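Here are my notes on the model you sent round. They run from the overall fold to the ligand and then to single residues.

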Amino acid sequence: MRTIIEPFRIKMTEPLKITTREERERALAAARHNVFLLDADDCCIDLLTDSGTGAMSTHQWAAMMLGDESYAGSRSWKRFEASVRAITGMAHVLPTHQGRAAEGILAECLVREGHVIPNNSHFDTTRANIEYRRGIALNLPCAEAFDTEHIAPFKGNMDVDALRRCIAEHGRDAIPFAMMTVTNNTGGGQPVSMANLREVKEVLAAHGIPLIIDACRFAENAYFIHEREPGYRGRSLLEIAQEMFALADGATMSAKKDGLANIGGFLACRNPEWAERFRSLLILREGFPTYGGLAGRDLEAIAVGLMEALEYDYQVYRHATVEYLATRLGGLGIPMVMPAGGHAVFLDARRMLPSIPPLAYPGIGVVNALYLAGGIRAVELGSVMFGHFDGEGREQPSPLELVRLAFPRRVYTQSHFDYIVEVMEEVWRDRARIPGYRIAWQPAMLRHFTCHFEPLAR
Ligand SMILES: *Cc1c(COP(=O)(O)O)cnc(C)c1O
């Protein structure tokens, strides 16, 4: 088999700053040992997130020049709406500046105190929006999701029996809607099968509970279904995506992921009464319903990007880069979530650093070691991001301590990944020297973004 090449070439370059270890030590200390507080210029390879960090195509840049900046009813809005409708089949489309704005509108309109919102796994902003409305954000991932070594094709699935128990326990009236996140970001970027989506929909439909898809990585999920689920080989990714959305009553989307854009999102639904309520809040919070917090040129970039994300050769290449890194790191014996996710490689920090207890944040240890060794910025998905405080104010760790190396779309090349492997090899070899951390200061919510750390003595 031939090398899978990047299905694009480079027309414009963006310089990377190569820093010394001393410079990185100073920068990390100034950032209170929290990589979110670093200047991006001080990061050589930035794998913090795949959100809004992608490179746009010539088609997207060309479309941006056609952006119609009319306040109401612009051409760009029409193209955006047509693109979203073609993929989701949903009549009502509301543009938002990001995914979380769509979640905020959804939660404000439909979630009341004590409501329960099941999901395969809530993303952090989704959880925060539901909890802000005093709802309960419930994660119901399938059992395989917790075993990071177990190879299964659809570890992002929901545990359907747990969903049945949840409905029996809380009752239909306490559940205004359920969600399915594709792919399951928090659960390691693992895909959800069409069979699971269908089964979840059947259970919900029997009780009249609507299903909302958190669609951030719908195209990557469609690719996994194409590759892994029997019966989908002959289908286009667009057809598979359409089949996924046909099972849903609504969708929230961050166009910063599979919209291949640097900003944007949407909320879509079938129910006209919902749409009416969403639209009122959209006007209040985001903007007039035909631009919703986005410039006409952004709407254009997203309209094109959503379709480019469904191009098969693009997904083949994208998946090959993730697989390449995972295979090389696996060859070094570095513990990871297996199989690799759709947009990231997830290192298992708990198994990498078994002597550091979860509440000394082994994930932060790995993240900071990667930065110091090679200027690579990754992110912790462990007890800092997902830990919580129990009734007595005691901090409870997350079940998993992961470190995510997220892949910006169409940005880094093979030699960048070879460099990442070399840096990882060094970090792994010197892992006995990696310290745990304590939190020196934290805010009330979403603490991972802004909290300050201090390294513990080894
Ligand atoms: C990124 C993301 C969101 C939130 O989208 P933003 O555009 O960052 O506000 C919601 N859900 C999932 C699964 C995500 O990955």
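What percentage of the 458 residues in the protein do buried residues make up?

1. Burial and surface. Buried residues account for 58% of the 458 residues. Please keep in mind that this is a predicted model. The protein exposes about 19,100 Å², and 54% of that area is supplied by carbon and sulfur atoms.

2. Overall dimensions. The radius of gyration is 21 Å, which agrees with the value near 23 Å that a compact globule of 458 residues would have. Taken along the principal axes, the box filled by the C-alpha atoms is roughly 60 × 55 × 45 Å.

3. Secondary structure and contacts. The protein has 16 helices and 16 strands. Among contacts with a separation of 6 or more, 72% are between residues 24 or more positions apart. Two pairs give a sense of the distances involved. T3 and S355 are 352 residues apart in sequence, with 40 Å between their C-alpha atoms. G341 and A62 are separated by 279 residues in sequence and by 32 Å in space, again C-alpha to C-alpha.

4. The ligand shell. There are 14 residues around the ligand, and R100, D214, R217, S254 and K257 come nearest. By class, the shell has six charged, six polar and two nonpolar residues. Helix α4 (residues 99-110) gives the largest share of the shell, with three residues.

5. Polar pairs at the ligand. Which atoms of the ligand do polar side-chain atoms of Q98, D214 and K257 lie by? For Q98, the partner is an oxygen atom of the ligand at 2.9 Å. For K257, the partner is also an oxygen atom, at 2.8 Å. For D214, the partner is a nitrogen atom of the ligand, at 2.7 Å. On its own the ligand has 380 Å² of accessible area, and the protein covers 98% of this.

6. T96. This residue lies in strand β2 (residues 92-96). Is T96 buried or exposed? T96 has a relative accessible area of 0%, so T96 is buried. A polar atom of its side chain is 3.4 Å from the backbone nitrogen of F266. Leaving aside neighbours within four places in sequence, T96 is in contact with several residues, among them A101, A102 and I105. The contacts of T96 also include G264, G265, F266 and L267, as well as L282, E286, G292 and L294.

7. T3. By way of contrast, T3 lies in the segment before α1 (21-30). T3 counts as exposed because its relative accessibility is 64%, and the cut-off for exposed is over 50%.

8. Cis peptide bonds. Two bonds deserve a look in the viewer. The peptide bond from V182 to T183 is cis, with omega near -20°. T183 sits in the loop between β5 (178-181) and α7 (194-206). The peptide bond from M338 to P339 is cis as well, with omega near -10°. P339 belongs to the loop between α12 (312-331) and β9 (344-348).

9. G341. The loop between α12 and β9 also holds G341. G341 counts as buried because its relative accessibility is 2%. Not counting residues up to four places away in sequence, G341 touches G188, G189, Q190, F224 and V322.

10. Positive phi angles. Where is R410 placed? R410 is in the loop between β14 (402-406) and α16 (414-429). Its phi is near 65°, a positive value in a residue other than glycine. R410 has a relative accessible area of 13% and is therefore buried, the cut-off being under 20%. L446 is another residue other than glycine with a positive phi, in this case near 45°. L446 is found in the loop between β15 (437-441) and β16 (452-455). With a relative accessible area of 32%, L446 is partly exposed.

Note on methods:
Residues are numbered from 1 along each chain as its sequence is written. This is a predicted model: local features need pLDDT of at least 70, side-chain atom pairs count only at pLDDT 80 or more; totals for chains, interfaces and linings use all residues. Side-chain values use heavy atoms; hydrogens and water are left out. A residue is near a molecule or strand if one of its heavy atoms lies within 4 Å of it. A polar contact is a pair of N or O atoms within 3.5 Å; within protein, one must be able to donate a hydrogen and the other to accept it, and residues adjacent in sequence count only if both atoms are side-chain atoms. Accessible areas come from the Shrake-Rupley method with a 1.4 Å probe; for residues, only the protein chains shown count as cover. Helices (H or I, at least four residues) and strands (E, at least two) are DSSP runs, numbered from the N terminus. Ala, Val, Leu, Ile, Met, Phe, Trp, Tyr, Cys and Pro count as nonpolar, Asp, Glu, Lys and Arg as charged, and the others, Gly among them, as polar. The radius of gyration is taken over C-alpha atoms; the globule rule is 2.2 Å times the number of residues to the power 0.38. Buried means under 20% relative accessible area, exposed over 50%, partly exposed in between (1.4 Å probe, protein chains only). Contact means heavy atoms within 4.5 Å.
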